[in-house]
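Reader: I would like a close look at one part of this model, with the residues named. Please take it step by step and then place it among the surroundings.

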Amino acid sequence: MAAVASRTRTRGTGRTSTGPWAHVDFVLVVAVVLISALGTLMVYSATRRRLEAEGRVDPEYFLNRQLVFVVLGIAVMIGMTLVDYRVFRDRAALIYPATVALLFAVLTPLGSSSKGSQAWFQLASFQFQPSEWAKIALIVCLAAYASLHRGDLDAQRLAVVVGLTAVPVGLIMLQPDLGTALVFLAILLGMLLVAGARPQHLGALALMGVAVVVVVLQLGILQDYQRERLTAFLDPTEDTQRSAYNLNQSKIAIAHGGLTGTGLFNGSQTNLSYVPEQHTDFIFTVVGEELGLAGSGLLLALFAVVIWRTWRAAALARDLSGTLVCVGVLAMFVFQIFENVGMTMGIMPITGIPLPFMSYGGSATLAGFAAVGLVLNVHMRRFS
């Protein structure tokens, strides 16, 4: 992995360019926009019939809001490309405490609660979840610190990196939100792997991560239903009416889709709202039921393009900080995609992690576009 950074520095020298905007990665942009368009359509399919039956709000309520989130997300993505990523790196000492302050503030009466977690600020009719943006901030800050020491992470510097991650993770666990905390650990391990951490240190950190999860489950930090959801995939037949209900309905919906699906807006499991939280955490089940294996495969292929182009940007980056920024985004996307899709099929625990660019939600959508903006930023400036 360390060779990636070395190769990037070699490729980034001795070449000329007409300017950063001549090197926008339109393949990555198109892939993300296509996923977002499909996600918006799936959100509409998952919510239209239920809202019509309830008769309380416009059946297009979630569709319209998600469209707004996507448009704002594209604007954020463009905005993140305007400022050289090295400016963010140089401001890491300001970004980090500001992020920690937001995560602390959401735990005070300023924050609002929903479904057992206090993780949002209520802003008029919208909610802002600081932990989604904290992922981006942590990526920038870890890249800044590791690149400052040229990837030479001895035990003392490694402890600093772990400490920088532990503070936001601890605050997020107080919400509590184990799923988002796990994303932070995936980002940490991915970036350390490329930053040159020693294998024995990585192994020790992985064991510590497992130990922390076990302790969290044993100490009662999580609500009972959150703990049951995490362990339901181990035996989904044990309690079909409570913790395993989501999982069983999810698997039925995906299996119902077969090879080509039931057709857009024609999923019986979707229309009858058998799968709870289908427009957010379980959005992949709508794809599986209505577009079948073919549609699911197409979606995963688009995600593969995003992963490929992000890795490519990491390999071509001008400097180590650019490489690490892209690797952090890559680790975040890979973990979230694998965990979200895996939990709908019963091979991973249910953690409440959104599927990037597919699940309904403003904070996650905007943060996802911001992450892509950072990758585009690094790719655009690989010659400057």
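In what sense do E2 and strand E3 (residues 126-128) pair, and over how many bridges?

Author: The model is predicted. E2 and E3 pair in the antiparallel sense, over three bridges. Within this pairing, Phe-121 stands opposite Phe-128 in E3. The two strands form a hairpin with two residues between them, and Ala-124 in that turn has a positive phi of about 55°.

E2 also has a partner on its N-terminal side in sequence: strand E1 (residues 112-114) runs antiparallel to E2 and is joined to it by three bridges. Ser-114 stands opposite Ser-117 in E2. E1 and E2 form a hairpin as well, again with two residues between the strands, and in it Lys-115 takes a positive phi near 55°. As for its surroundings, strand E2 covers residues 117-123, and five of these seven residues are buried, so the strand is largely enclosed by the rest of the structure.

Next comes helix H6, which spans 130-148. In helix H6, Glu-132 forms a salt bridge with Lys-135, with the closest N and O atoms 2.9 Å apart. Because they are three residues apart in the helix, the two are separated by about one helical turn. Both Glu-132 and Lys-135 are buried.

Glu-132 also belongs to the lining of the largest cavity, where it is among the residues that lie nearest the centre, together with Gln-336, Pro-356, Ala-364 and Gly-368. That cavity has a volume of about 130 Å³ and is lined by 15 residues. H6, H15 and helix H16 (362-380) each give two or more residues to this lining, and the largest share, four residues, comes from H16. By class, the lining divides into nine nonpolar, four polar and two charged residues.

H6 takes part in a further void. The second largest cavity, of about 60 Å³, has at least two lining residues from each of H6 and H8. H8 gives the most, with four residues. Among the residues lining this cavity are Leu-142, Ala-143, Leu-188 and Leu-324. In contrast to the mixed lining described above, this one has 10 nonpolar, no polar and no charged residues. In total, the structure holds three cavities of 30 Å³ or more.

H8 and H15 reappear in an open site, the second largest pocket, together with helices H7, H9 and H10. This pocket has a volume of about 760 Å³ and is lined by 30 residues, with Leu-182, Leu-185, Gly-209, Val-210 and Val-213 nearest its centre. H9 supplies the largest share of the lining, 10 residues. The classes are 26 nonpolar, three polar and one charged.

The salt bridge in H6 is one of seven in the structure. Another joins Arg-381 to Asp-84, with the closest N and O atoms 3.8 Å apart. This pair links distant parts of the chain, 297 residues apart: Arg-381 is in the segment after H16, and Asp-84 is in the loop between helix H3 and helix H4. Arg-381, at 7% relative accessibility, counts as buried, whereas Asp-84, at 22%, counts as partly exposed. A further salt bridge is formed by Asp-319 and Arg-89, the closest N and O atoms being 3.7 Å apart. Asp-319 lies in the loop between helix H14 and H15 and Arg-89 in helix H4, so this pair ties together parts that are 230 residues apart in sequence. Asp-319 counts as buried, at 14% relative accessibility, and Arg-89 as partly exposed, at 26%.

Methods. Residues are numbered from 1 along each chain as its sequence is written. This is a predicted model: local features need pLDDT of at least 70, side-chain atom pairs count only at pLDDT 80 or more; totals for chains, interfaces and linings use all residues. Side-chain values use heavy atoms; hydrogens and water are left out. On a 1 Å grid over the protein atoms alone, a cavity is a set of points where a 1.4 Å probe fits but cannot get out, and a pocket is an open set with protein on both sides within 12 Å along at least five of seven lines; lining residues have an atom within 4 Å of a point. Grid points are joined across faces, edges and corners, and a volume is the space filled by probe spheres set on the points. Ala, Val, Leu, Ile, Met, Phe, Trp, Tyr, Cys and Pro count as nonpolar, Asp, Glu, Lys and Arg as charged, and the others, Gly among them, as polar. Buried means under 20% relative accessible area, exposed over 50%, partly exposed in between (1.4 Å probe, protein chains only). Two strands pair if DSSP finds at least two bridges between them. A salt bridge is a side-chain nitrogen of Lys or Arg within 4 Å of a carboxyl oxygen of Asp or Glu.
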